[in-house]
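Here are a few short exercises to work through with the model open in your viewer. Try each task before you read its solution.

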Amino acid sequence: MNNKTLQQHAIAAECFVEVPFFDLDPMHIVWHGNYVKYFEQARCELLRKIDYDYPQMKASGFYWPIIDMRVKYIKPANFGEKLLCIATFKEFENRLKIDYLIQNAQTGEKLCKGYTVQVAVTTTDFEMQLVSPKILQQQLESYIADLSW
């Protein structure tokens with residue numbers, strides 16, 4: 001399995017968020033930093049889907065810090081708006097790259113998109129791995145195999 005194969009399977013997960021009052025800024029729209037929190041919620045759903053969420057990562061001997069992130073704001077979200085947050089695996093061989101899309105859950109209008117890049121580091125000495133640990137590939141392959149049944 002490689003990144004091209006991964007993209008062909010388009011493994012994605014989604015979550016819904018209803019914008020709470022405390023996520024707003026003084027202009028009464030979602031504060032820009034909260035979109036990162038919505039990305040995180042979708043990312044955790046995606047990682048749980050392949051049974052490799054943060055507790056499993058740590059148990060396998062690795063942390064996966066974010067080393068790069070891009071956020072593109074398209075249109076602001078407002079108080080009470082229901083958002084659909086989608087996370088999709090894009091790369092796994094040398095790093096874990098996940099794409100995100102946040103849209104209005106009712107209209108489908110795009111509000112924000114972006115990506116994160118994570119690398120594996122050992123839990124013992126924080127040594128960065130130049131190739132993603134085999135456990136990530138195993139979890140992805142297992143998930144894809146289950147889809148075939």
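The exercises below go from the whole chain to one helix and then to one loop residue.

This is a predicted model, so to speak of local features pLDDT of at least 70 is needed, side-chain atom pairs count only at pLDDT 80 or more, and totals for chains, interfaces and linings use all residues. Residues are numbered from 1 along each chain as its sequence is written, and side-chain values use heavy atoms, with hydrogens and water left out.

**Exercise 1. Work out the fold pattern and check how compact the chain is.**

Step 1: count the elements, taking helices (H or I, at least four residues) and strands (E, at least two) as DSSP runs numbered from the N terminus. You get four helices and seven strands.

Step 2: put them in sequence order, which gives α-β-α-α-β-β-β-β-β-β-α. The radius of gyration, 16 Å, is close to the 15 Å from the globule rule for 149 residues, so the chain is as compact as a globular protein of that length. Here the radius is taken over C-alpha atoms, and the rule is 2.2 Å times the number of residues to the power 0.38.

Step 3: look at the contacts (heavy atoms within 4.5 Å). Of those between residues at least 6 apart in sequence, 68% join residues at least 24 apart.

**Exercise 2. Check the span of α2 and find what covers its buried residues.**

Step 1: α2 runs over residues 34-49, 16 in number. The expected span is 1.5 Å times one less than the number of residues, here 22 Å, and the helix reaches 23 Å from first C-alpha to last.

Step 2: pick out the buried residues, those under 20% relative accessible area (exposed is over 50%, partly exposed in between; 1.4 Å probe, protein chains only). Among them in α2 are Tyr35, Tyr38, Phe39, Cys44 and Leu47.

Step 3: find their cover, which includes β1 (12-18), α3 (54-59) and β3 (66-73), along with β4 (82-91), β5 (96-104) and β6 (110-118).

Step 4: step past the helix to Asp51, where phi is positive, near 60 degrees.

**Exercise 3. Is Phe126 buried or exposed, and what does Phe126 touch?**

Step 1: locate Phe126 in the loop between β7 (121-122) and α4 (134-148).

Step 2: its relative accessibility is 55%, so Phe126 counts as exposed.

Step 3: skip neighbours within four places in sequence, and Phe126 is in contact with Tyr63 and Val121.

Step 4: compare Phe126 with Trp64: 62 residues separate them in sequence, yet their C-alpha atoms are 9.9 Å apart.
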